[in-house]
Amino acid sequence: NGLNAITSGGSNSSSGDLTLDFWHIFGDELGATLEEMAAEFSDQTDGVTINAVNNGGYRDNLNQALQASRAGDPPGIVQIFEIGTRLALDSDAFTPIGDLLPEDEIDFDDFLPSVLNYYRIDGTLNSMPFNSSNTIMLYNKTAFEEAGLNPESPPRSLAEVRSAAETIVDQTDMEQGITWPNHTWMQVEQQFAKQDQVLVNNENGRAGRPTETNFNTEAGRNVYEWWKGMADAGLYLNPGIEAWGEARQAFLTGKVPMLWDSTSNMVSMRTGAEENGFELGSAYLPTPNGDNTGVVIGGGSLWVPDALSDAKKEAAGEFVAYLTQTEQQARWHRNSGYFPVRQSAIDQLTENGWFDENPNFRTAFDQLQDTEDTPATRGAVMGVFPEARTINEELSVSIVNGEVSVEEGLSRMDTQVQEALNSYSGSYDGSE
Amino acid sequence: MATETDQPTARSARFTDRLPDHVPMHLGLVAAIALMASPLVLAVVMSTQTTTEVYQVTNVGIGSQGLSNYQAALTEYNFTTYMVNSLVMSVVIVVAKVALSLLAALALVYYELPYERAIFMFILLTLLLPVPVRIVPLFQLMADLGWTNTLLALTGPYVASATAVFLFRQHFMSIPDSLIETARVDGVGPLRFLFGVLVPMSRGMIAGVCVITFIYAWNQFLWPLVAVTNKSSQVVQVGIRYIQGSAQAGLTQWGLIMAAAVLALLPPLFVLLALHRPLLETFAIQQK
Amino acid sequence: MSTQPKPFDSTRQAALLLLPTVVVLVAFLYYPGLETFRLSLYRTLFLGQQTTWVGLGNFAELATSAAYRHSFLVSILFAAVVVAGTLAVSLAVSYMVFTVEVGSSTYLIAAIWPYALPPAVAAILLNFILHPNLGIFTHYLEVFTPFTLDWFNSGPQAFAVVAVVAIWKQLGYNIIFLVAALNNVPETLTENAKLDGVGHLRLLRKVYLPLVAPTMVFLVVMNTIYSFFSTFPLVDLMTSGGPGDATNLLIFKLYRDAFEFSSLGLASAESVVLFVLVAVLMYVQIRVTEGYAHYGA
Amino acid sequence: MSTITLQDLEKQYDDVSAVEGIDLEVEDGEFLVVVGPSGCGKSTTLRMIAGLEDVTAGTITISGEDVTARPPKDRDIAMVFQNYALYPHMTAAENMKFGMRSVSEYSDAEIDERVADAADTLDIADLLDRRPEALSGGERQRVAIGRALVREPSVFLLDEPLSNLDAKLRVQMRAELLKLHRELDATTVYVTHDQTEAMTLGDRVAVLNDGRLQQVASPQRLYDFPENRFVAGFIGEPAMNVVPVEVRERGGDVVADQGGFVQPLPNGNAAAELVGQQAAFGVRPEDVSLATNLPAGAATFRATVTVREPLGELLLLHCEVGGAELQVKVEPRSDIYSGDTVELGFDDQRLHLFDDTGDAVYHSATQPDPRQTVSPE
Amino acid sequence: MSTITLQDLEKQYDDVSAVEGIDLEVEDGEFLVVVGPSGCGKSTTLRMIAGLEDVTAGTITISGEDVTARPPKDRDIAMVFQNYALYPHMTAAENMKFGMRSVSEYSDAEIDERVADAADTLDIADLLDRRPEALSGGERQRVAIGRALVREPSVFLLDEPLSNLDAKLRVQMRAELLKLHRELDATTVYVTHDQTEAMTLGDRVAVLNDGRLQQVASPQRLYDFPENRFVAGFIGEPAMNVVPVEVRERGGDVVADQGGFVQPLPNGNAAAELVGQQAAFGVRPEDVSLATNLPAGAATFRATVTVREPLGELLLLHCEVGGAELQVKVEPRSDIYSGDTVELGFDDQRLHLFDDTGDAVYHSATQPDPRQTVSPE
Ligand SMILES: Nc1ncnc2c1ncn2[C@@H]1O[C@H](COP(=O)(O)OP(=O)(O)OP(=O)(O)O)[C@@H](O)[C@H]1O
Ligand SMILES: Nc1ncnc2c1ncn2[C@@H]1O[C@H](COP(=O)(O)OP(=O)(O)OP(=O)(O)O)[C@@H](O)[C@H]1O
Ligand SMILES: O=P(O)(O)OC[C@H](O)CO
Ligand SMILES: [Mg+2]
Ligand SMILES: [Mg+2]
């Protein structure tokens, strides 16, 4: 089939039989779950086949989708991470999802407002929320116990994290205290939200195009100074930029007792902890002073390219709607850790006692529920967000390694991201 | 054999005489080659291990997975498709490039041609335009032509080449004039000349260009990454990128990745080993 | 060179034979090449769908961008390291292959195979073998030497690791040429030196090195071009330009700016810079090789 | 009737004038050898006849037809190249057939027959299935000739066809070529730089130098009556001794006075007009003898031996006389060593004088034997 | 005292036996030329002496010391290669110094002095700053010799040092080599395949064939008393005629009966033991004459001329007699053409017989001149 595919080009359809590629970012079990869901939908829908394809990570998926749209051969549905929203929107490559959804099937009131708020820009819902996550802290209860710490009272502030880390390094075989992938989402986006600080001006870019960034502010310095201190003390295990796998592996194999992670991977972390013989604990993401205004949602939403035929768009709309059905969302949560985007799914899970049996799955959900709705917790919106992340993560390395001071590093982040913002808005002649 | 007993002293004296000179050379070579080959050897070993075995860093024995990592790569991770795509792409590029370049070299060397030098320079100057220098417009061109995700996009930009034309031209020019003149005296026509004389006489060079081109095409990474957005049309080098990326979620399955890497290496390695002779000869000419 | 009449004289036929090559070159090399120049004068968004004329603005932006300047320096440094490293190692190996009397051809094949090594595979193999936590090399390095390898976080180490991969992959190509060049040195020169009892190092330095100088120049140019253009997969698969921009080579930055950050105009300007670079290198090669031409075998 | 006529043939390369006006007639069935030093224009001339090289000026006529502007294939010629120009990937038979196949006028059966005939003539029938690499030099040579033969051309052109062979084989092939030519009787132009080949093969020999024809004559005439110093020096090995002399009159005789010797010139009136002038005196090494071997009364002189080269069948002495060097061939077993002084004299029927333009102005032999001036047999 | 002794020297390549047991003594100061057809093992022998090639069996002694196992640099030899082996990137002077610099025992001043001396000897003092590319063939040759000279080795080895030069230069360099050898008087082994070089240069000549030594003797002795058919055929151009005969007795004389001729053999008792046997009868072309040139009473016979090759200084006739071919050298201007019948006879002091193993069993000349058997001068 490779030969056919390569010689005939993309998926073409004839005589009413529609085949749509669904580009997602999941491998392994999550990918398998999505493929199952796609297959089930295809089975129950006449004339439509959804082909779930893992197309790499979030960044690749977005780039490839834009490239494919440019080339006039886009997939049917694309999963794009939350911070790609503005870029995807500006690209004009996608149809607002609202226009495609079968009205009657969707009850927006049932959707979690924090989720809807994130993806609704200027009042329009452009993409369908599907996989939503936030950041929590996982910790090794067994190690806590061994070090004489209370496994049921995980650290809430960054200072507490440090002291727990020191204790554990002191008392156990573990050599380092905490790890998380060098990822803006965790060290900046969530931390700013928790401190109720916007990352960019104009209400985090939601009241107008952002022009300034706030890395080098107290909120930023709070985090980075602590981080730098942890690194200097040898307490932070640096797995590398966006190195999710490395970080998880270090945690699971007992190298560190604490991990900041996305909730998206709860299922495999649960299995991993079991396999490695320790008890897994979860907690809210610790913050500088234990502040907890709230978290920004993460994860992705589903977009439908504009270049598709109407019939395909319609089919795509149906599939998107199907994926957000209560039943599917509950199932998706159980198989991943992403929290359901619909209240009804949460209700269903609660009723079935899921959260009682799996308290770790509740943590994320609680953290979200506790979140206040402020410009900070709604999350920043900017077209250059992927680039901003790259800038932040590269400079984070320099700060943590001590190549630049915290001040210097953060102010460079501001400069560089603002440069990108300027050149972005300078060339964008779209709406507004 | 008999001489060995006849001349024991002379022989052993001679042998020790060479010792200080050549033994270190052999040792050095074996060490250098072992070092160069070790990543590959380790990769082959690791490709048979389970993830758990891989994570026992010092475990360098053949693992318990046997070939099942390979099987998984080929079936579950699309490597069959990628490999076939790579193969089709490479073969098409090889065949087309050789054909086009032979024709062009025939015209350049054996035709009374106005502006011959200029045309040759025109072809040679493309050496200044590697893919990265023109990648953006090339991508746009493919998009405008609707070639993205097709074999055309993967092969089109590669089927003509300054290097191959240069090599064939060089080789043609080294064919003794008298052979060409014999053909002139006999009134042999151009196609008959090409297929009856030039091609059979250029077999080594053609084989060499095939190897160079095959390896070059097979190893392409950046352009397929840009020109192909559809996984089922992707080539194996980018497939490696996928398989590395897909491991982000949980523990990285290095055994599987190593299996995939070995798969992606085998065809060009095989071609190189099988045809290293013409390759070496061809390179001897390429350097001018 | 020769004024000798050619066997065929139909210009039409010749044009027909050249047509396919010329069409492909024009369509896929010259046209996009020129288009790169044009695009470099625009600011674009979203893969070229929206463009604004900015003149030399993109170049100005590159010139003033600290990130780009850094990337430029990193690339030059990288090229220097890769070129020097590749040549040094290949010269040593080639000389040994050339010198041993027994098994020379077997050694040669065993030494040139990395020519077939796809860069992506090279990257992924060493990514694993040199992995800070899982790498077996790393493990023994840390066991037997005081060094620790943490190149996911250390810029200089990442730079070194990518350079090692780049050198490894390029050895085969260099050895092919160097062994051929050494074999081109008339055997009697070697024998004459043997009669005089000239030692290996002196022989290599005073006789072979000057004689293979044209090949070395050729390889310096090819290796430089290689380290600027063909190392994308290494960076992409190993470091993504990091950590801390330490491996953000021009080619990777170009790709990112174009296809990740959608700045096609800016990326085109970066392409133009690369073009100038190849042009200069080729020019240097031609000039220097001409200078050495009189040693030609 | 295949004659070849070159009229005022010229060839100019960008900056080199390779052939500068050659007039030459090759008779039907004649074996003409063109000889001359490297770079003198031999190949160029031959290639112009073949049509492989454009003519700068002049005309070429073959069998009465002006072919100057015709492509090679329409000149009814066949050519044998120095390196044989066999296609390495074809068997001997395929090599012989390849050219004919390009011409549609031959049927396959005809081609096969001709190849078989040629193979018989050349005694290579059992080599027909071999590739050139599996043939010896001489065999390759014969296949190349066979390829020319099958086309039954009216003119054969050969460019140094023996120079890639080793000495033994060269001698043998020389005899075979002669035999073959006698059988076929085809008009043949044969280029070589080897004077032995020229002398033994040619009905006539054309000596070329610097793009100009020096002399065309039968081999022996060329040797005995060289028309200029170039021909005198080029033909003969070791070369003719040429020393400066003054021509004087002495007691009624015209003599050549070198200082070291004074040699009377017979048939003096031919030389009389040179009296009082400087000239170059030429005598071949075999025409200088030890005084003991000369008829009584011959003029002799003393010379010192500087180098003694025993060549087996003879002994070559380098002698010094009057400041000039004379090479002398003597009996192989002579008891003469370097440092000795010897008494020498010339064969006075074999003396030559050249003027300062290099032209021969005097040969002491009077009339060339008429049988040597026309083609023999 | 630099003698070279080869004892039972053998060289075996994987599948080729290149040298098969050579015993040879080169005397101090002797100029020994090794000659033989291509591939006979000349270079291999020389390279074994130099130490560039391992010895399969046998020993090599230089100046009394067994050097068989020594590396080249410790044998006190210098070698001049066919292509000169000059380092193209070094000037002539640097080329000459390079080897000496590798040996620490010489001071810079010493090196400079030696180079200057050698340059004077060879007359290349003003070329010292040039690179090889700027030197002519003969000059390169001299620099290569100079490089060998400066090391003042006890033995010089030269492998076809003249074969890359053109004919003129070759003759000239030959004379210079002789002169140089006379000055230096160093033991020299000189390899060539050119018999003229061998004959003119060697004090003694060693003829090699198929890896075996055929004969070692002074040049003229080699020519006059070849020890076997190979040497007889190899030395001399054109080669000695060799025809099968039956040795018979006739009226008290021992005669060689070929059918076409019956030739009495002088000094019959040397040939007597052959009576009744088949043998190969050898006579050089110059030792066959027209009957008119022979002393009265000499045995003569009739032969038919098949090929006539005028070589200028002589006329070579291929004649048929009794089914065999005889090549005969006659007067250049003889009126003899192919087809003619001629009356011939042999010089009965120059006859040879070879038995069926090819060994010479009879020479009609009795005693070689003693001066020809030892090194001359
Ligand atoms: N294609 C060419 N371009 C320029 N000059 C040429 C060309 N071919 C030959 N010549 C020159 O013309 C002259 C005659 O060359 P030609 O090949 O006829 O010599 P030749 O007598 O055949 O010599 P040889 O015995 O070496 O073959 C030489 O000076 C040569 O350099
Ligand atoms: N390295 C080698 N390996 C195998 N056979 C060899 C090698 N060198 C020489 N020979 C063979 O040994 C024999 C003698 O070779 P050698 O070079 O001594 O000949 P030569 O007399 O010098 O000939 P020439 O006159 O051609 O130089 C030849 O048959 C040759 O093919
Ligand atoms: O891994 P996920 O899906 O939770 O997403 C994390 C970040 O939000 C990506 O931008
Ligand atoms: Mg010629
Ligand atoms: Mg030899």
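A residue counts as near a molecule if one of its heavy atoms lies within 4 Å of it. With that cut-off in hand, ligand 1 of this predicted model makes a good starting point: its surrounding residues come from chains C and D, so the site is shared between chains. The shell holds 13 residues, and the closest are Ser38(D), Gly39(D), Lys42(D), Ser43(D) and Thr44(D). Helix α1 (residues 42-50) of chain D provides the largest share of this shell, with three residues. Sorted by class, the shell around ligand 1 comprises five nonpolar, six polar and two charged residues.

Several polar contacts accompany this arrangement. An oxygen atom of ligand 1 is found 2.6 Å from a polar side-chain atom of Ser38(D). Cys40(D) takes part through its backbone, with an N or O atom 3.1 Å from an oxygen atom of ligand 1. For Glu160(D), a side-chain N or O atom lies 3.3 Å from an oxygen atom of the ligand. On its own, ligand 1 has 630 Å² of accessible area, and the protein covers 66% of that.

Ligand 3 sits in a shell from chain A. Among the residues that surround ligand 3 are the aromatic side chains of Tyr58(A), Phe81(A), Trp185(A) and Tyr338(A), together with Asn131(A), Ser133(A), Ser264(A), Gly298(A) and Arg389(A). Two strands of chain A, β7 (128-133) and β13 (298-305), each contribute at least two residues to this shell. The class count for ligand 3 is four nonpolar, six polar and two charged residues.

Polar contacts to ligand 3 involve both side chains and backbone. A polar side-chain atom of Ser262(A) is 2.5 Å from an oxygen atom of ligand 3, while a side-chain N or O atom of Glu82(A) is 2.7 Å from an oxygen atom of the ligand. Gly299(A) adds a polar backbone atom at 3.1 Å from a ligand oxygen. Of the 300 Å² of accessible area that ligand 3 has on its own, the protein covers 96%.

Turning to the chains themselves, chain B contains 16 helices and zero strands. Of its 288 residues, 62% count as buried. Among contacts in chain B with a separation of 6 or more, 73% join residues 24 or more positions apart. The exposed surface of chain B amounts to about 10300 Å², with carbon and sulfur atoms supplying 68% of it.

Confidence in chain B deserves a friendly word of its own. The mean pLDDT is 84, and 90% of the residues of chain B reach 70 or more. Helix α5 (residues 79-110) of chain B has the highest confidence, at a mean of 94, whereas helix α1 (residues 2-6) of chain B has the lowest, at 37. Over residues 1-19 of chain B, pLDDT stays under 50, and the model has 18 contacts beyond four places in sequence for this stretch.

Between chains, eight pairs touch, and chains B and C share the most contacts. Chain A does not touch chain D, the nearest C-alpha atoms being 37 Å apart. Chain A and chain E do not touch either, with 49 Å between their nearest C-alpha atoms.

In chain E, Thr44(E) belongs to helix α1 (residues 42-50). Its relative accessibility is 11%, and therefore Thr44(E) counts as buried, the cut-off being under 20%. Leaving aside residues up to four places away in sequence, Thr44(E) touches Lys11(E), Tyr13(E), Ala18(E) and Val19(E).

Methods
Residues are numbered from 1 along each chain as its sequence is written. Chains are lettered from A and ligands numbered from 1 in the order in which they are written. This is a predicted model: local features need pLDDT of at least 70, side-chain atom pairs count only at pLDDT 80 or more; totals for chains, interfaces and linings use all residues. Side-chain values use heavy atoms; hydrogens and water are left out. A polar contact is a pair of N or O atoms within 3.5 Å; within protein, one must be able to donate a hydrogen and the other to accept it, and residues adjacent in sequence count only if both atoms are side-chain atoms. Accessible areas come from the Shrake-Rupley method with a 1.4 Å probe; for residues, only the protein chains shown count as cover. Helices (H or I, at least four residues) and strands (E, at least two) are DSSP runs, numbered from the N terminus. Ala, Val, Leu, Ile, Met, Phe, Trp, Tyr, Cys and Pro count as nonpolar, Asp, Glu, Lys and Arg as charged, and the others, Gly among them, as polar. Buried means under 20% relative accessible area, exposed over 50%, partly exposed in between (1.4 Å probe, protein chains only). Contact means heavy atoms within 4.5 Å. pLDDT is the predictor's confidence in each residue, from 0 to 100.
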